[in-house]
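Thanks for coming. I will walk through one structure today, beginning with a pocket and then going residue by residue.

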Amino acid sequence: MLNKLFNKSKIGKHSMEVKESLKNDECLPYHIAIIMDGNGRWAKKRAMPRIAGHHEGMQTVRKITRIADDIGIKVLTLYAFSTENWKRPKSEVEYLMSLPQMFLNSFMPELMERNIRVEMIGDKEGLPSNTKSALNEAMEKTKNNTGLILNFAMNYGSRAEIVNAMKDIMIEVNNGNLTLEEVDEKTIDQYLLTSKLPEPDLLIRTSGEVRLSNFMLWQLAYTEFWFTDVLWPDFDKETFMEAIQAYQQRNRRYGGLKGE
Ligand code: V0D
């Protein structure tokens, strides 16, 4: 039922038909995922505390959300907090956990105006209650919005997501609701936290690290990757457009080869 909302039936597993229909639009990626790295490094370079970098990074989230919405991106998934990030100093984790509330308090009117829907993937139950209620409120208020889906990965880890999907599938098999023979890639898709979303077309990681860090391992199987040394707080429209253009060029080349 929600598949209809995201037009999943129409766009297919790898958004091929959207890519087709957007040919005139030079193959705008439908779903962009970003690993927002380099906030601490940005602060260090300025002899500022790490939390100042996180605050600046939050402003970048605002700017990039506006741009994504303006150019017609349909889904923007932002890796905001991994299950590994709990290992950071308590004061830093506390500050990070206050960011969703801070962000939503000031940005909610604009989210509504822009018809943006807030979503999240990750273990919400593991979040502090203030953070959880800020998120719940934002998702509830924006649930009927039909524009850009702003999807935050919070307390998210991809292997844990896959383990939980496997367990849920095994329960169904155990209960006789599903047979072993019926389990295929589609089944696994359906049990992941991203079951309602198309797979990312483009993954961006900032700050020069070239790895996935347990982010959307299953979902990124066919995604184009784009890496930059730019630190997340310095990420701007120009960098964003550079990433999208690189994606479009790769698609064009692929299309050209395929046609010959
Ligand atoms: C810090 C860079 C926005 C990455 C961006 C708790 C690290 C700024 C949010 C946010 C974070 C999350 C959910 C929501 C609204 C806003 C956010 C965290 C970190 C982790 F509904 N920025 N931001 N959440 N940073």
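Let me start with the lining of the largest pocket. At least two residues of that lining come from each of α4 (39-45), α5 (50-71), β2 (75-82), α6 (90-113) and β4. Helices and strands here are DSSP runs, H or I over at least four residues for a helix and E over at least two for a strand, numbered from the N terminus.

Before going on, some background: this is a predicted model, in which local features need pLDDT of at least 70, side-chain atom pairs count only at pLDDT 80 or more, and totals for chains, interfaces and linings use all residues. Residues are numbered from 1 along each chain as its sequence is written, and side-chain values use heavy atoms, with hydrogens and water left out.

Back to the pocket. Which element gives the largest share of its lining? That is α6, with six residues. The lining has 33 residues, and Met36, Asn39, Tyr79, Ala80 and Phe81 lie nearest the centre of the pocket. By class, 18 are nonpolar, eight polar and seven charged. In that scheme Ala, Val, Leu, Ile, Met, Phe, Trp, Tyr, Cys and Pro count as nonpolar, Asp, Glu, Lys and Arg as charged, and the others, Gly among them, as polar. The space in this pocket is about 760 Å³.

A word on how that is computed. A 1 Å grid is laid over the protein atoms alone, and a pocket is an open set of points where a 1.4 Å probe fits, with protein on both sides within 12 Å along at least five of seven lines; lining residues have an atom within 4 Å of a point. Grid points are joined across faces, edges and corners, and the volume is the space filled by probe spheres set on the points.

Now the protein as a whole. It has 10 helices and six strands. Of its 260 residues, 47% are buried. Buried means under 20% relative accessible area, exposed means over 50%, and partly exposed is in between, with a 1.4 Å probe and protein chains only. The accessible surface comes to about 13,700 Å², and 51% of it belongs to carbon and sulfur atoms. Those areas come from the Shrake-Rupley method with a 1.4 Å probe, and for residues only the protein chains shown count as cover. Among contacts with a separation of 6 or more, 75% are between residues 24 or more positions apart. Contact means heavy atoms within 4.5 Å. The contact lists that follow leave out residues up to four places away in sequence.

Next, Leu203, in strand β5 (residues 202-205). Is Leu203 buried or exposed? Leu203 counts as buried because its relative accessible area is 1%. Its C-alpha atom is 4.8 Å from that of Ala33, although the two are 170 residues apart along the chain. Leu203 touches several residues, including Ala33, Ile35, Phe215 and Thr223.

Thr223 sits in the loop between β5 and β6 (224-227). This residue is buried as well, at 11%. A polar atom of the Thr223 side chain lies 2.7 Å from the backbone oxygen of Pro200. For reference, a polar contact is a pair of N or O atoms within 3.5 Å; within protein, one must be able to donate a hydrogen and the other to accept it, and residues adjacent in sequence count only if both atoms are side-chain atoms. Thr223 also touches Asp201 and Leu202, among others.

The loop between β5 and β6 also holds Ser213. Ser213 has a positive phi of about 50 degrees although it is not a glycine, and it is partly exposed at 32% relative accessibility.

A positive phi is also found at Asn115, near 65 degrees. Asn115 lies in the loop between α6 and β3 (117-121), and is partly exposed at 27% relative accessibility. One of the residues that touch Asn115 is Asn145, which is in the loop between α7 (129-141) and β4 (149-156). Asn145 counts as buried, because its relative accessibility is 11%. A polar atom of its side chain lies 2.7 Å from the backbone oxygen of Ile116.

Last, Arg159, in helix α8 (residues 158-174). Arg159 is exposed, with a relative accessible area of 61%. Where are its contacts beyond four places in sequence? They are with Asn214 and Leu217. The C-alpha atoms of Arg159 and Asn214 are 6.6 Å apart, with the two positions 55 residues apart in sequence numbering.
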